[in-house]
Amino acid sequence: MRNSLILLFLFLGCQFSFSQEPLSENEIKTFKQNVIALDSTTKTIVSDFIQYKHLSFLDNDIETIGKLVFKMPDLVKWEYTSPYKYSVIFKDDKLLINDDGDKSNIDIGSNKMFKSLNNIITNSVKGNMFNTNEFAISYFKTKDHFLIKFVPKNESLLKFIALFELTFSKKTYDVVAVKMIEPSQDYTKIVFKNKTRNTMVNDEVFNN
Amino acid sequence: MRFLIISVFFILLFPSCGIPTIKGLPEYNSTLTEFSNPYFSDINIDYVYKAKINAYDHVFGGMLIIKKIKNDNHRIVFTTNFGNKIFDFELLNGDLKTHYIMEKLNRNIIINTLKHDFETLTQEHNKIHRAFKKEQQYLMYQSKTKNRYNHYIILDATRELAEIIHTSKTKEKIIIKFDDIQDSIATSISIQHKKSPIKIELDFLNNN
């Protein structure tokens, strides 16, 4: 009997710690205010990240390590450093790509889909993705985090991304992870580490 | 009369218009009846490669992931470096199932080309139709696949698979070269098309 009770408590404990509770209207309001306040004082972000590519049929997720640099208003550089070298810079409606020394540019000015993706990437780095009609947004909390789910309304985007999830620290209101879930339920998860805001970032960082 | 002479000339010439790959090579009686391609045959390995696809003057970088699910069944996924899927195929008993492909690439000619490439690359059990000696250090096993042939070029001393040449009855179509073999994994692979400007280069990334 005692063992059963312990098991029951353990089970309930696990359920509780992983459970997602919807935020109330007031909590949503406070949460948004805090994120927007943090965003409005942000001029630069520099962070390491680990990217996990999950494919249901693989034994292990594919791990890629890199560095992210953001500078107001919309300069973003994603740089993968291990196990391969690859970087993409979002700059002036262009993608500047460096694939292990092979450099190329893609003009995304006329491509609505890329523009939309660029906005998502920039805003998810900053955390401020709420002022948009492009997603149906729902708000949850766990023990240590806020979990915000974004379902694209655009049909062509929905074909390859069923859901975005941003995880925020409850203490700092910083984005700590971004998860992009495909319609097949395979996903890409990016976890940020050693994130710093408002350090000096030279514009040369965004040259290819 | 002149037409008849030309016809006879062509008929006499015809037997020598076979597959160029085996032309002039001495044939021998092999005791082996089957050749097993070892490179994608371990069900416990996630075969993850950094990929560079050069096609019609366009370069696509990303990751190619190959996984043996069971006998005669491989899953083949190509993603961008960000992790977004470009295509997700499954080869099962010689048939190709498309789990996902980007809209722009969803054309029969592209899917069939990729099917030939990946079938040639991953097909494990191959009945030996004829066997040849090539130069001093190589053996070549010819295997029939529907209307086409695969030629497996093996280093005689180590029995290591060095190359696969995929042909029709008269022409070479695809040449796959395997380099830098470590623990039955080809860490460097190149897939070259003979008739169209397509080249795929793969470098193994350890994911186990």
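The exercises below, each with a worked solution, concern chain B of this predicted model and its contact with chain A.

**Exercise 1.** Describe the overall make-up of chain B, covering its helices and strands, its extent along the principal axes and the share of its residues that count as buried.

*Solution.* Begin with the secondary structure, where chain B shows two helices and 15 strands. Next take the extent, for the C-alpha atoms of chain B fill a box of roughly 65 × 40 × 30 Å along the principal axes. Then turn to burial, which applies to 30% of the 208 residues of chain B.

**Exercise 2.** Work out which strands of chain B supply at least two residues each to the side that touches chain A.

*Solution.* Start from the contact as a whole, to which chain B gives 22 residues and chain A gives 19 residues. On the side of chain B that touches chain A, at least two residues each come from strand S3 (47-55), strand S4 (58-70), strand S5 (73-79) and strand S7 (95-101) of chain B. The largest share of that side, six residues, is supplied by S4(B). Sorted by character, the residues of this side of chain B comprise eight nonpolar, nine polar and five charged.

**Exercise 3.** Identify the residues with the most contacts inside the largest nonpolar core, and trace the neighbours of Leu64(B).

*Solution.* The largest nonpolar core has 40 residues, and Tyr49(B), Leu64(B) and Ile65(B) have the most contacts inside it. Setting aside residues up to four places away in sequence, Leu64(B) touches Tyr49(B), Ala51(B), Phe78(B) and Leu202(B). Apart from the largest core lies another, of 19 residues, including Phe70(A), Met129(A), Val175(A) and Val178(A).

Note on methods: Residues numbered from 1 in each chain as written. Chains lettered and ligands numbered in written order. Predicted model: local features only at pLDDT ≥ 70, side-chain atom pairs only at ≥ 80, totals over all residues. Helix = DSSP H or I, 4+ residues; strand = E, 2+ residues; numbered from the N terminus. Buried ≥ 20, exposed ≤ 12 C-beta atoms within 10 Å, placed from the backbone. Contact = placed C-beta atoms within 7 Å. Nonpolar A, V, L, I, M, F, W, Y, C, P; charged D, E, K, R; others polar. Core = buried A, V, L, I, M, F, W, Y, C linked by C-beta atoms within 7 Å.
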